[in-house]
Amino acid sequence: MPAAYTLPTNLSPTTVANTASLIRIVALSLISGAAIASRLFAVINFESIIHEFEWLGSFKRVLRVLSIIFYQEGHTDISRQEFWNWFDPTAWYPLGRVVGGTVYPGLMATSGVIYNLLHAINLPVDIRNICVLLAPGFSALTAWATYQFTKEMKDASAGLLAAAFIGIVPGYISRSVAGSYDNEAIAIFLLMFTFFLWIKALKQGSALFGTLAALFYFYMVAAWGGYAFITNMIPIHAFVLLLMGRYSGRLYVAYSSWYAIGTLASMQVPFVGFQPVRTSEHMAALGVFGLLQIVAFAQLVRSHVSSQQFQSIVIAGVVTIGILGALAIVGLTYKGWIAPWTGRFYSLWDTGYAKKYVSTIS
């Protein structure tokens, strides 16, 4: 069957490549525009408002952030402590809530930064409109991050298809329509972009991209409790690569830089604190990190001893360390030093877990 259009034979490869790049840019721009436009119907049909009570609580907190941090120049440390110690008697009435220690601050900080950047360039946009339109704006970034991730995994054509799907998929639209000022408004973008940076770091063996993945992981931790998905998916990926016999220095550099920097950074979020070293959800990441150190040490030993001696050392070492590690985790969990699995971990394997067992959702 003849092609619909035949390419001219006098075009140089550079011209063809540049034209293909231009088409991809136009397609990605249209996908981003469709992602934003499909989320604006509530604002166009009615007005610019935040829809639900939970999201109004987030809006109330961003007003608090603006009032005590961004408006008090020269007193940043005092203002930050004031926010972390903020007790709101009107939240969860009549009990009240210690907001600073029980909130993920990433959403409010993002809104505050955008608000100040716009005002710095003399665009006096109201903070309410920023909060209302934040989720649709980040949906375009999510489409771009998904494109980059899929392009890194396969090619640009697959990336455009994946970006189109994530831009219009109903499940994501329901959490990112205009006026849905919730943590997922920015978290899905951070989730996809962190995975992209992880793949980039793994393919190149780059500590730079591993560090960038850790920094965006920290941003994700500060934004949404669903960071546990990243905390478990990256270790599972690394562990499967080990089982497949695909250990390399690139894997070691990428995972070690991501885990070490990302874990230390995540512990700076007050609501998270020491959970990365005291909860079962984070033990997989710690275990794979330790396993990689053992494998790297084994590779070093292998280069200095005979193959028969190496096999004996590896078998004895793996069995001993495995038994001691398992006993340590069981013992610390029994003593209460390591918290048991939570609902977010079970939701990773059973997507209907929350609907079945969380009363506020079911």
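Visitor: Which helix supplies the largest share of the lining of the largest cavity?

Guide: That is helix α12, residues 249-266, which contributes 3 residues to the lining. Please keep in mind that this is a predicted model. The residues lining the largest cavity are Tyr 217, Thr 231, Tyr 259, Thr 263, Ser 266, Pro 276, His 282 and Ala 285.

Visitor: How many cavities of 30 Å³ or more does a search of the whole structure find?

Guide: The search finds 1. The space in the largest cavity is about 40 Å³.

Visitor: What makes up the lining of the largest cavity by class?

Guide: The lining has 4 nonpolar residues, 4 polar residues and no charged ones. Tyr, Pro and Ala count as nonpolar, while Thr, Ser and His fall outside both the nonpolar and the charged lists and so count as polar.

Visitor: Let us stay with one lining residue. Why is Thr 263 called buried?

Guide: Buried means a relative accessible area under 20%. Thr 263 has 11%, so Thr 263 is buried. Thr 263 lies in helix α12. Beyond its neighbours within four places in sequence, Thr 263 is in contact with Trp 258 and Pro 276, and Pro 276 is also among the residues that line the largest cavity.

Visitor: And Ala 284, why is that one called partly exposed?

Guide: The middle class runs between the 20% limit for buried and the 50% limit for exposed. Ala 284 has a relative accessible area of 31%, so Ala 284 is partly exposed. You will find Ala 284 in helix α13, residues 283-302. Leaving out residues up to four places away in sequence, Ala 284 touches Asn 232, Pro 235 and Tyr 255. Ala 284 and Ile 236 are 48 residues apart in sequence, with 7.9 Å between their C-alpha atoms.

Visitor: How do you know that the length of helix α1 is close to what is expected?

Guide: Helix α1 covers residues 13-37, which is 25 residues, and reaches 36 Å from its first C-alpha to its last. The expected span is 1.5 Å times one less than the number of residues, and for α1 that expected value is 36 Å, so the description "close" holds.

Visitor: Which residues of α1 are buried, and what covers them?

Guide: Leu 28, Ile 31, Ser 32 and Ala 35 are buried in α1. Their cover includes α6 (127-153) and α7 (156-168).

Visitor: Arg 24 is in α1 as well. Is Arg 24 buried, exposed or partly exposed, and what makes it so?

Guide: Its relative accessible area is 28%, which is neither under 20% nor over 50%, so Arg 24 is partly exposed. Not counting residues up to four places away in sequence, Arg 24 touches Tyr 147, Ala 156 and Leu 160. Arg 24 and Ser 157 are 133 residues apart in sequence, yet their C-alpha atoms are 8.4 Å apart.

Visitor: Tyr 147 makes me curious about Leu 161. Why is Leu 161 called exposed?

Guide: Exposed means over 50%. Leu 161 has a relative accessible area of 52%, so Leu 161 is exposed. This residue is found in helix α7. Its C-alpha is 8.0 Å from that of Tyr 147, which is 14 residues away along the chain.

Visitor: What makes the length of helix α5 close to the expected one?

Guide: Helix α5, residues 106-120, has 15 residues and reaches 21 Å from first C-alpha to last. The expected span, at 1.5 Å times one less than the number of residues, is 21 Å, so "close" is justified here too. The buried residues of α5 are Gly 106, Leu 107, Met 108, Thr 110, Ser 111, Gly 112 and Tyr 115.

Visitor: Which residue with a positive phi follows α5?

Guide: That is Asn 122. Its phi is near 65°, a positive value in a residue other than glycine. Asn 122 is found in the loop between α5 and α6.

Visitor: Why is Asn 122 called exposed?

Guide: With a relative accessible area of 67%, Asn 122 passes the limit of over 50%, so Asn 122 is exposed.

Visitor: How much of the whole chain counts as buried?

Guide: Of its 362 residues, 40% do. The chain has 16 helices and 2 strands. Its accessible surface comes to about 20,200 Å², with 68% belonging to carbon and sulfur atoms. Among contacts with a separation of 6 or more, 71% join residues 24 or more positions apart.

Notes: Residues are numbered from 1 along each chain as its sequence is written. This is a predicted model: local features need pLDDT of at least 70, side-chain atom pairs count only at pLDDT 80 or more; totals for chains, interfaces and linings use all residues. Side-chain values use heavy atoms; hydrogens and water are left out. On a 1 Å grid over the protein atoms alone, a cavity is a set of points where a 1.4 Å probe fits but cannot get out, and a pocket is an open set with protein on both sides within 12 Å along at least five of seven lines; lining residues have an atom within 4 Å of a point. Grid points are joined across faces, edges and corners, and a volume is the space filled by probe spheres set on the points. Helices (H or I, at least four residues) and strands (E, at least two) are DSSP runs, numbered from the N terminus. Buried means under 20% relative accessible area, exposed over 50%, partly exposed in between (1.4 Å probe, protein chains only). Contact means heavy atoms within 4.5 Å. Accessible areas come from the Shrake-Rupley method with a 1.4 Å probe; for residues, only the protein chains shown count as cover.
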